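Welcome! Please take a moment to look over the sequence and the model below, and then let us walk through some of the details together.

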Amino acid sequence: MGRVKSATRNIAFGYVGQVATALISFVLRTVFLLHLNKELLGINSTYTNVLAVLNMAELGIGTALNFSLYGPVARGEKEKIKSYMRLYRKAYFIIACVVAGVGLLISPFLKFLVKNPGDVSLRDLTLFYFIFLFNTVSSYFVAYKYSLVNAEQKNYIQTNINTITKVITSLIQIVIIVVFENFYLFLLTDAVVQLIQKIFVSHFLNRMYPYLKEKDAKPLSKEENDEVWKKTKALVFHKIGDVARLQTDALIISSFIEVSVAGFVDNYNLVINSVANFVNIIFNSVISSFGNLIATESKERQFSMFRVYRFFASWIYGFSCVGFMILLTPLISIIWGQKWVLPSAAVYCILTDYYFKGDRIVLSNYKTAAGVFEPDKYLALIQGAVNLVLSILLVQTPLGLTGVYIGTIVSGLIANVTKPVIIYGTCFGKKATGYFIDTLKYLLSMVFVLFVCRFIAGYVLSELNIMRFLIMVIVITVIFNGVYFLLYGRSEEFKYVYARVKEKLSKRG
């Protein structure tokens, strides 16, 4: 199957899955807010982030091995694949033990991470946490098998399994909340369904790849082992830095402000992530295609495709960011009520970070596919340190919640400046001047459209109701895409995207 066809299938199933999970997630969150309290929502958000920090123990071995599999899969080297998977399985068993051990050591300190938990006792806080810990540890025993699926550009298999699991879990949880209003049963439902899914996935992938059960897999050569661990060591720094930058905001909010505010932020993140996941499906679905492209095509072809995806990312993330800037808080008010609204300054900071994160997503994905982990291995540590220091300092000032996200923005911009230089030099043998010119061009275009739409929204949303909200959605869609088409419709990048879309539509016609 060709790269474009594989990516298209992954994207199509990704969209179906995202629609299903987004809808059920909104229903589940609404039921949760009606029947359970804001402290429990904050605890749910905080523990999710605590376990994300614990996942730092994965140390990048998965990414390094995924990269190592692209070549053998493209060449059909079954014995080599077996050797890599053997290493992967052993590594993830060790990781599961490490996560379990560190997770147990953290449990006595939970009371310091959850400020003002309301009526929730320390005993309940601890038991809730152990359910989260079990879900995380058990996932490692099947996660390694997905690497082979993704290396074969069959990401849709994992997407479909996760979608079905999410829908079933959420439907049962909705019934549990309405009937029993019990947070324990809410969490145990997720744990039981997830466990059944993991058992099913293990058997399903064993049948799909029967040679994974063969015991005669040969150890990798010293050179191959050294290459994997060399990349893994570099990824350790990336992982630690990413965790410190991306997974600690909720913990800082829960520890320094109060746990319920983490729940408020989580509502906004649910909406943002529901939309962002639609966008990310496109870019994450082409990582394996990038890996195949890098293994088989020339640098000029790689650079051409990189520019196409970068242009597309700027368009899509710019469009969604403008929409969020104007419509996110009104949407929260319509769905859950004014009492769940955050201060405007904090929301703008969250969305500023969202835009710049989108601006570097193609860089990050291309780096992953190309296995370029070492040149900037210390960068993520610097970013994490900057985020932690700034966020902790600023959250204790009058800025409060806004200060947390100022730290996140500043730390993220470090990568926006340095990663292009590394990628262009290492992967394409070029200077990154053109990248930065494009960045400024796309940013100014977005800001211009934002001001125009903000001016119009002052009149349309002067009274908030569903009809006026929908009118503003149409206005933003027409103005943003119209302006971008006028500005970039003649570019080579746009022509490539348009040709691919037209080709797909004509085939379906």
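## Tyr146 and its surroundings

Y146 is buried in this predicted model, with a relative accessible area of 8%. Because the cut-off for a buried residue is under 20%, Y146 falls on the buried side with its 8%. Y146 belongs to helix α6, which covers residues 122–151.

Which residues does Y146 touch, not counting those up to four places away in sequence? They are Q158, I161, N162, V201 and L205. Take V201 as an example: Y146 and V201 are 55 residues apart in sequence, yet their C-alpha atoms are 9.1 Å apart in space.

## Leu51, another buried residue

L51 sits in helix α2, which runs over residues 38–54. With 4% relative accessibility, L51 counts as buried.

Leaving aside neighbours within four places in sequence, L51 is in contact with Y129, F132, L133 and T136. You can also look for N135: from C-alpha to C-alpha, L51 and N135 are 9.5 Å apart, while 84 residues separate them in sequence.

## The chain as a whole

Now let us step back. The chain has 20 helices and zero strands. Of its 509 residues, 53% are buried. About 23100 Å² of the chain is exposed, and carbon and sulfur atoms supply 67% of that area.

How much of the contact in the chain with a separation of 6 or more comes from residues 24 or more positions apart? Such residues account for 84% of those contacts.

## Aromatic pairs

Searching the whole structure turns up 34 aromatic pairs. One of them is formed by F183 and F186: their ring centres are 5.6 Å apart and their planes are at 15°, so this pair is stacked. Both residues are in helix α8 (residues 183–208), and being three residues apart puts about one helical turn between them. F183 is buried, at a relative accessible area of 5%, and F186 also counts as buried, at 7%.

The rings of Y424 and F428 meet in another way: the centres are 5.7 Å apart and the planes are at 90°, so the pair is edge-to-face. Y424 and F428 lie four residues apart in helix α17 (residues 401–428), about one turn of the helix. Both Y424 and F428 are buried. Elsewhere, ring pairs join F311, W315, F319, Y442, F480, Y484, F485, Y488 and F494 into a cluster.

## Charges over rings

Some rings have a charged side chain over the face. R310 lies over the face of Y435, 3.9 Å from the ring centre. K430 lies over the face of F303, and here the distance to the ring centre is 4.9 Å.

## Two helices that pack together

Helix α14 (residues 344–359) packs against helix α18 (residues 433–460) at an angle of about 145°. Their axes are 12 Å apart, and the crossing of α14 and α18 is right-handed.

Which residues meet where α14 and α18 come together? From α14 there are Y348, Y355, F356 and D359, and from α18 there are Y435, T439, Y442, L443, M446 and R454. Two of these names have come up before: Y435 has R310 over its face, and Y442 is one of the residues in the ring cluster.

## Residues in the loops

S298 is in the loop between α12 (287–296) and α13 (299–336). With a relative accessible area of 42%, S298 is partly exposed. The C-alpha atoms of S298 and F428 are separated by 9.9 Å, although these residues are 130 residues apart along the chain.

Most residues other than glycine have a negative phi. N116 has a positive phi near 55° and is not a glycine. N116 is found in the loop between α5 (110–113) and α6 (122–151), and at 44% relative accessibility N116 counts as partly exposed. E181 is another residue other than glycine with a positive phi, near 50°. E181 has its place in the loop between α7 (155–180) and α8, and E181 is partly exposed at 44% relative accessibility.

Notes: Residues are numbered from 1 along each chain as its sequence is written. This is a predicted model: local features need pLDDT of at least 70, side-chain atom pairs count only at pLDDT 80 or more; totals for chains, interfaces and linings use all residues. Side-chain values use heavy atoms; hydrogens and water are left out. Rings of Phe, Tyr and Trp (its six-membered ring) pair if their centres lie within 6.5 Å; planes under 30 degrees apart count as stacked, over 60 as edge-to-face and the rest as tilted. Helices (H or I, at least four residues) and strands (E, at least two) are DSSP runs, numbered from the N terminus. Buried means under 20% relative accessible area, exposed over 50%, partly exposed in between (1.4 Å probe, protein chains only). A charge sits over a ring if NZ of Lys or CZ of Arg is within 6 Å of the ring centre and within 35 degrees of the ring normal. Contact means heavy atoms within 4.5 Å. Accessible areas come from the Shrake-Rupley method with a 1.4 Å probe; for residues, only the protein chains shown count as cover. Axes are lines fitted to C-alpha atoms, for helices over the stretch in contact, and angles run from 0 to 180 degrees between N-to-C directions. A crossing is left-handed if the near helix is turned anticlockwise from the far one by less than a right angle, and right-handed if clockwise.
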